[in-house]
Amino acid sequence: MKVNVDDKVCQGHTICAMLAPDVFALRDEDGHGYAIDGEVPDEFEGVASEAVRSCPERAISEIA
């Protein structure tokens, strides 16, 4: 599984980084989320999918 955060849509709610800190981080300059590595390790797929579903802006896409 891969994930991508659209930085034009992200508003910096930080939910992704709170739910899956091993998958998502926040940029220092604006607080917007980004995927640490587009490829999600198997053990973090569940929390990454939860972060995708929980993003209020729908800025995160899951790529199978």
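A residue counts as partly exposed when its relative accessible area falls between the buried limit, under 20%, and the exposed limit, over 50%. Asp 7, at 38%, is therefore partly exposed. The views below are all taken from a predicted model.

**View 1. Arg 27 and its acidic partners are joined in a network of salt bridges.** The structure holds three salt bridges. Asp 7 pairs with Arg 27, and their closest N and O atoms are 3.9 Å apart. Asp 7 sits in the loop between β1 and α1 (15-19), while Arg 27 sits in the loop between β2 (24-26) and β3 (33-35), so this pair ties together parts that are 20 residues apart in sequence. Arg 27 also meets Glu 29, with an N to O distance of 3.3 Å. A further salt bridge joins the side chains of Arg 27 and Asp 30, at 2.6 Å from N to O. The network thus takes in Asp 7, Arg 27, Glu 29 and Asp 30.

**View 2. The acidic residues of the network, seen by exposure.** Is Glu 29 buried or exposed? Glu 29 is exposed, because its relative accessible area is 65%, and the cut-off for exposed is over 50%. Asp 30 has a relative accessible area of 36%, so Asp 30 is partly exposed. Asp 7 is partly exposed as well, at 38%.

**View 3. Strand β1 has a covered face and an uncovered face.** Strand β1 spans residues 2-5. In a regular strand, side chains alternate between the two faces of the sheet. Which residues of β1 make up the covered face? Val 3 and Val 5 do. Lys 2 and Asn 4 make up the uncovered face.

**View 4. Strands β1 and β4 run antiparallel.** Strand β4 covers residues 60-63. The two strands pair over four bridges. Lys 2 of the uncovered face of β1 stands opposite Ile 63 in β4.

**View 5. Ser 49 in helix α2 is a buried residue.** Helix α2 runs over residues 45-54, and Ser 49 is found in this helix. The relative accessible area of Ser 49 is 14%. Ser 49 is buried because the cut-off for that class is under 20%. Which residues does Ser 49 contact, leaving aside neighbours within four places in sequence? The contacts are Met 1 and Glu 62. 

**View 6. The structure holds one cavity of 30 Å³ or more.** The largest cavity has a volume of about 100 Å³. Its lining has 13 residues, and the closest to its centre are Cys 10, His 13, Thr 14, Cys 16 and Cys 55. What classes of residue line the largest cavity? Eight are nonpolar, four are polar and one is charged.

**View 7. Thr 14 and Arg 58 each have a positive phi.** Most residues other than glycine have a negative phi. Thr 14 is not a glycine, yet its phi is about 70°. Thr 14 is found in the loop between β1 and α1. At a relative accessible area of 25%, Thr 14 is partly exposed. Thr 14 is also one of the residues closest to the centre of the largest cavity. Arg 58 has a positive phi too, near 60°. Arg 58 is found in the loop between α2 and β4. Arg 58 is exposed, with a relative accessible area of 57%.

**View 8. Ile 15 in helix α1 makes contacts with Ser 54 and Pro 56.** These contacts leave aside the neighbours of Ile 15 within four places in sequence. Ile 15 is partly exposed, with a relative accessible area of 26%. How far apart in space are Ile 15 and Glu 50? Their C-alpha atoms are 9.8 Å apart, and the two residues are 35 residues apart in sequence.

**View 9. Met 18 in helix α1 is an exposed residue.** The relative accessibility of Met 18 is 60%. Met 18 counts as exposed because the cut-off for that class is over 50%. Met 18 and Lys 8 are 10 residues apart in sequence. From C-alpha to C-alpha, Met 18 and Lys 8 are 20 Å apart in space.

Conventions:
Residues numbered from 1 in each chain as written. Predicted model: local features only at pLDDT ≥ 70, side-chain atom pairs only at ≥ 80, totals over all residues. Heavy atoms only, no water. Buried < 20%, exposed > 50% of the residue type's maximum accessible area, 1.4 Å probe, protein only. Contact = heavy atoms within 4.5 Å. Pairing = 2+ DSSP bridges. 1 Å grid on protein atoms, 1.4 Å probe; cavity = no way out; pocket = protein on both sides within 12 Å on 5 of 7 lines; lining within 4 Å. Points joined across faces, edges and corners; volume = space filled by probe spheres on them. Nonpolar A, V, L, I, M, F, W, Y, C, P; charged D, E, K, R; others polar. Salt bridge = Lys/Arg side-chain N within 4 Å of Asp/Glu carboxyl O.
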